[in-house]
Amino acid sequence: MIDQANASSSAGALRGLVVLEVGMVMQVPLAGQVLGDLGADVIKIERPQGDITRGLDFEAARVGGMSAYYAAMGRNKRTLALDLKNAAALEILLTLVDRADVLMHNFRPGVMERLGLGYRALSARNPRLIYAAGFGFGEAGPLADRPGQDMLAQAFSGLARGGLQSEQPPQLTNSPIVDYGAAMSLVQGILAAVIERQKSGLGQMVSTSLFDVSLAMQLCEIASESIYGVKTNWIRQAMLVRTADGWVAVVMLFRDNPLGLLCQALNLPDISTRPELATREKQIENLATVQRHCEPAFAALATAEVLERLAAVDLLCSPVNEIPEAISHPQANQNGIMWQVEVPGRGPVPLAGLPVRLSRTPPGVRIHPASIGAATDEVLSSFGLSEQAIQEARSRKAFG
C-alpha cells in the first residue's frame, strides 16, 4: 500500500490549480480525481440528487452505504451541491468561475451553452480559464447529440469486434477502458493548456470524445487496415489454458519457435518439426493444434509449476488471476498502486490509486470520498462568499 502519510503531507505537483468538475459518471469525474491526486483543488459540483454513479451500486443501496463506483472516483474533491437550473446556483457557479483555472464538463453539446456556461461566455468572463469538455461522439457532426457511453463507444468504433472472425459474436470489455482512456486524454490536454498558459496568459478549450479515444486505442489495428488492408488479430497469438488448479495465459509473440520452447518446457514431443508447424506464423495459424497437443500436460501441473517451467525457457506466460489475487500480490504492494481510502461507513479500504509516480511531489489521498454537498459552505466561504450570502442562496434553493 502507498504510504499515505507521506503522500498527504506533500504539496502535490498541481498545488494551487483550482478545478471545477461539472460532470458525472466516469470520463470527467475520473479526470477530476487524477488532477486532485496530483494536488489540484478540485471542486465537484453535483446536482442536488448527486452524481449518477452514487445510485448505480445496487449492493451499496441494499446495505445503505456509499456507492463503490462513486468512491472509486470521489477522492481528493470538495463536494458542492448546486441546482444549475436555479438562477441563484448559476450566480454562485459564475463566482467560482471567476477564480478558477479549469472547468470540466461532459454534458451533450449545447447543454452548457443553454445554461449560459459555454466556452465563449465563460472565457469572456475569465480569459485565463481552461474549459475542458468530454463528449460521447464529438462536439459537432451527425452523432454529436447521441448519448455517449463506454460500451456504445466500444461497439461503434470496432473495439467489440477486435480480434474476432466474422462468424464470432462481438465481445465487450467489462472494464470501462474507453472511459478511462478518455479521462486520461482529457487530463493530458488540460495539462498541456496549463503549460501553454504560462506563455500566453490565456486559457483555451480542450475537448475529447469517447469515439475518438476508442479509435486512437486501436492505432496499430487501424494502421494495418489502412496500409495493407489486413485485419490485425492479437488474440489469436495467445492461449488460455487450464492447469491443475487454475488458468494460464501463454503468448506466442516475440519468439522464433514458441512451440518448440513450449514442448521443451512441458517435456512433450517436439511437433514444431512438422511442416505445418515449422514457423511461428504457421504455429499461430494452427494454434488449436498446438493447444490440443499441450493441454494434457498443462492440466497435470499446478499453475506455479507451469509458470516456472515456461519462465525457464523464456516464454511469455502469466496466471489468470481474479481481482483479489492481483491486488494482494507483492508486486502491487511494491508499486504502491493500491491506496487506503476512507469510505464512509466502511472504514479504510484498498482502492486503485494513480498509476503515475513522482519522486518529489508524490500523488496521494488528501480528501476522502464524501457525501453530496458535504463541503458546500466551506467551498463558498473559501471563494469569498459571506455567511449571509450563503444563507440567502440556500433560501433561494440554490443547493436543491
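Colleague: Which residues does isoleucine 190 touch, not counting residues up to four places away in sequence?

Modeller: In this predicted model, isoleucine 190 touches Leu35, Val102, Met104, Ile130, Ala132 and Val206. Contact means heavy atoms within 4.5 Å, so each of these residues has an atom within that cut-off of isoleucine 190.

Colleague: What makes the set with Ile190 a nonpolar core?

Modeller: The name asks for buried residues of the listed nonpolar kinds, joined through side-chain atoms within 4.5 Å. The largest nonpolar core has 33 residues, and Val19, Leu35, Met104 and Ile190 touch the most other members. Valine, leucine, methionine and isoleucine are on the list, so these four fit the name. At least two residues of this core come from each of α2 (27-37), α4 (68-73), β4 (102-105), β5 (130-135), α9 (177-200) and β10 (338-343). With six residues, α9 gives the most. Another core, of 31 residues, lies apart from this one and includes Ala89, Ile92, Leu96 and Ala393.

Colleague: Now to the pockets! Why is the second largest one called a pocket and not a cavity?

Modeller: A cavity is a space the probe cannot get out of, whereas a pocket is an open set, so this one is counted as open. Its volume is about 420 Å³. Of the 21 residues lining this pocket, Gly158, Leu159, Gly162, Gly163 and Gln218 are the closest to its centre. Both α8 (150-157) and α11 (219-228) give two or more residues to the lining, and α11 gives the most, with three.

Colleague: How is the lining of the second largest pocket made up by class?

Modeller: It has seven nonpolar, ten polar and four charged residues. Gly counts as polar, so Gly158, Gly162 and Gly163 belong to the polar class.

Key
Residues are numbered from 1 along each chain as its sequence is written. This is a predicted model: local features need pLDDT of at least 70, side-chain atom pairs count only at pLDDT 80 or more; totals for chains, interfaces and linings use all residues. Side-chain values use heavy atoms; hydrogens and water are left out. On a 1 Å grid over the protein atoms alone, a cavity is a set of points where a 1.4 Å probe fits but cannot get out, and a pocket is an open set with protein on both sides within 12 Å along at least five of seven lines; lining residues have an atom within 4 Å of a point. Grid points are joined across faces, edges and corners, and a volume is the space filled by probe spheres set on the points. Helices (H or I, at least four residues) and strands (E, at least two) are DSSP runs, numbered from the N terminus. Buried means under 20% relative accessible area, exposed over 50%, partly exposed in between (1.4 Å probe, protein chains only).
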